[in-house]
Amino acid sequence: MNNPTPTWYLADFYIQYINNIPYKLKSPFDISFIEQYGEIFKIYDDQDSGNICFGVENGDKKYFIKFAGAPTEQYSGKPEDAIARLKSTVPIYQDLAHPNLIRFIKAEEVGKGFASIFEWSDGECMGRMYPLSRERFLQMPDSTRLELFNDILVFHIHIIKQGYVAIDFYDGSIMYNFGTKKTLICDIDLYSKMPYINTMGRMWGSTRFMSPEEFTLGASIDEITNVYLMGATAFALFGGEKDRSIEKWRLSDELYKVALKAVNDNRSKRQQSLSEFGYEWNRACQE
């Protein structure tokens, strides 16, 4: 009972508790050091990235902490690889700081691993892994969805200007705070500097948001790839996601044409920049 991380064995994983909150790991690991940042009120233990994440409250401040180094249940790789990846995300959040991006505070080595600390953001997530949150998210009116989509587009125009390309952006990266009416993007860990070449074949990400070049070994991943991403995001917000028929589309025919052009499998037939996509989208909004 003196163990700061008591464990219970179930099938192929352990359940540990901290502040009476259960979380899963593959094997015992002392995570009590997280309490130095404040009182833990939320734990996200189902990530396949090798990170385990915490919501922490300290006085009137709340923080979101990503930690790599623990043997997380969903991760099949080595903890040291997860640590290296998390360290590599620090300059990404610093370079791409933006009002619609979760705010990075600091990062440090701690607890035989590595932690990145962010400002906590209240909001509903569009991701399918949070069904109740997603349900409320998808009940928002089209006028609100249009504002949210514009925020997402403006952020991605910003990252292109900074010389980056979006990788692994999907609905789980999108949050909306109904109280402040603020859009937040919460996960850009795999965004990369251009030029970027697909060295994997099937890259990271949700197939609902991925362009053909993200399945093609040796293909360039660039701004035109992100045009496809914005079109796919429009269909996730205003249409039938992978069902891109006009029957599932919630907005005007003109906006449908802009989104459909963006998700053309032929790169040369898409808008050739996010600014061009934005111009066509905004013009269609006014018709």
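**Two open sheets and their helices**

Two bridges join β9 to strand β11 (residues 174–177), and this pair runs antiparallel. In this predicted model, Cys125 has Met175 of β11 as its bridge partner. Both strands belong to an open sheet of three strands. The order is β9-β11-β12, with antiparallel pairing. β9 (124–125) and β12 (182–185) are the edge strands. Each of them pairs on one side only. A helix, α3, lies across β11 and β12. Its direction makes an angle of about 40 degrees with β12.

A second open sheet contains five strands. They follow the order β4-β5-β6-β8-β7, and the pairing is again antiparallel. The edges are taken by β4 (39–44) and β7 (104–110). Each edge strand has a single partner strand, so one side of each is left without a neighbour in the sheet. On average, neighbouring strands of this sheet are turned by 25 degrees against each other, direction ignored. For β7, the pairing with β8 (residues 113–119) is antiparallel and extends over six bridges. Within this stretch, Glu108 stands opposite Ala115 in β8. Helix α1 (residues 79–95) lies across four strands: β5 (51–58), β6 (61–68), β7 and β8. α1 runs at about 30 degrees to β8.

The next element is helix α6. It spans residues 274–285, 12 residues in total. From its first C-alpha to its last, α6 reaches 16 Å. This is close to the 16 Å expected at 1.5 Å a residue. The buried residues of α6 are Leu274, Phe277, Gly278, Glu280, Trp281 and Ala284. They lie on the same side of α6, because they cover an arc of only 165 degrees around the axis. The spacing follows a general rule. An α-helix has 3.6 residues a turn, so residues three or four places apart point the same way. The cover over the buried residues of α6 includes three helices: α3 (142–161), α4 (223–238) and α5 (253–262).

Helix α5 can be described in the same terms. Its buried residues are Leu255, Tyr256, Val258, Ala259 and Ala262. Their arc around the axis is only 160 degrees, which puts them on the same side of α5. Among the elements that cover these buried residues are α4 and α6. Thus α5 helps to cover the buried residues of α6, and α6 helps to cover those of α5. α4 is included in the cover of α6 and also in that of α5.

How values were computed. Residues are numbered from 1 along each chain as its sequence is written. This is a predicted model: local features need pLDDT of at least 70, side-chain atom pairs count only at pLDDT 80 or more; totals for chains, interfaces and linings use all residues. Side-chain values use heavy atoms; hydrogens and water are left out. The expected span of a helix is 1.5 Å times one less than its number of residues. Buried means under 20% relative accessible area, exposed over 50%, partly exposed in between (1.4 Å probe, protein chains only). The arc is that of the directions from the helix axis to the C-beta atoms. Contact means heavy atoms within 4.5 Å. Two strands pair if DSSP finds at least two bridges between them. Axes are lines fitted to C-alpha atoms, for helices over the stretch in contact, and angles run from 0 to 180 degrees between N-to-C directions.
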